[in-house]
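Reader: I am new to this structure and would like to be guided through it by question and answer. Please display it before we begin.

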Amino acid sequence: MTDDIWSRDEVESPCINICVVHPETRLCTGCMRSIDEISQWSTMDPDQRRALMLELPARADQFKKRRGGRAARLKR
């Protein structure tokens, strides 16, 4: 009897269960994927998933910039 655990060789989803779509960028603020990317994830092959995973860190910068707070919202 072995204690080996069966595992699949797949790229794990970047989902962190914070599923909120930003109204302007249309990206999930948790995983940084678009709605289309989220819905297509299960049908992507490993190479497509890896390529997308490499893009996600750069997208996070969009949420770090200061947007002006309440005053900016009132000007809209």
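Reader: Is R50 buried, partly exposed or exposed?

Author: This is a predicted model, in which local features need pLDDT of at least 70, side-chain atom pairs count only at pLDDT 80 or more, and totals for chains, interfaces and linings use all residues. Residues are numbered from 1 along each chain as its sequence is written, and side-chain values use heavy atoms, with hydrogens and water left out. Buried means under 20% relative accessible area, exposed over 50%, and partly exposed in between (1.4 Å probe, protein chains only). R50 has a relative accessibility of 39%, so R50 counts as partly exposed.

Reader: With which residue does R50 form a salt bridge?

Author: Side chains of opposite charge can pair when their charged atoms come close. A salt bridge is a side-chain nitrogen of Lys or Arg within 4 Å of a carboxyl oxygen of Asp or Glu. The partner of R50 lies three residues apart from it in helix 2, about one turn of the helix. The closest N and O atoms are 3.3 Å apart, and the partner is D47.

Reader: How many helices does the chain have?

Author: Helices (H or I, at least four residues) and strands (E, at least two) are DSSP runs, numbered from the N terminus. The elements run α-α-α from the N terminus on. There are zero strands, and the number of helices is three.

Reader: How far apart are the end C-alpha atoms of helix 2?

Author: The expected span of a helix is 1.5 Å times one less than its number of residues. Helix 2 has 15 residues and should therefore span 21 Å. The distance in the model agrees with this, at 22 Å.

Reader: Which residues of helix 2 are buried?

Author: What covers these residues includes helix 1, where cover is judged by contact, meaning heavy atoms within 4.5 Å. By contrast, Q48 in helix 2 is partly exposed, because its relative accessibility is 42%. The buried residues of helix 2 are R49, L52, L56, R59 and A60.

Reader: Which residue of helix 1 forms a salt bridge with R59?

Author: R59 counts as buried because its relative accessibility is 14%. Its closest N and O atoms to the partner are 2.6 Å apart. The pair links distant parts of the chain, 22 residues apart, with R59 in helix 2 and the partner in helix 1. Both residues are buried, and the partner is E37.

Reader: Which residues are joined into one network by salt bridges that share partners?

Author: The side chains of E55 and R59 also meet in a salt bridge, at 2.9 Å from N to O. E55 and R59 both lie in helix 2, four residues apart, about one turn of the helix. E55 is partly exposed, because its relative accessible area is 43%. The network joins E37, E55 and R59.

Reader: Which residues does S34 contact, leaving aside its neighbours within four places in sequence?

Author: S34 lies in the segment before helix 1. With a relative accessible area of 19%, S34 is therefore buried. The residues in contact with S34 are R26, L27 and R59.

Reader: What is the phi of N17, which is not a glycine?

Author: Most residues other than glycine have a negative phi. N17 is found in the segment before helix 1 and is exposed, because its relative accessible area is 67%. R26 is found in that segment as well, and phi of R26 is near 60°, a positive value in a residue other than glycine. The phi of N17 is positive, about 60°.
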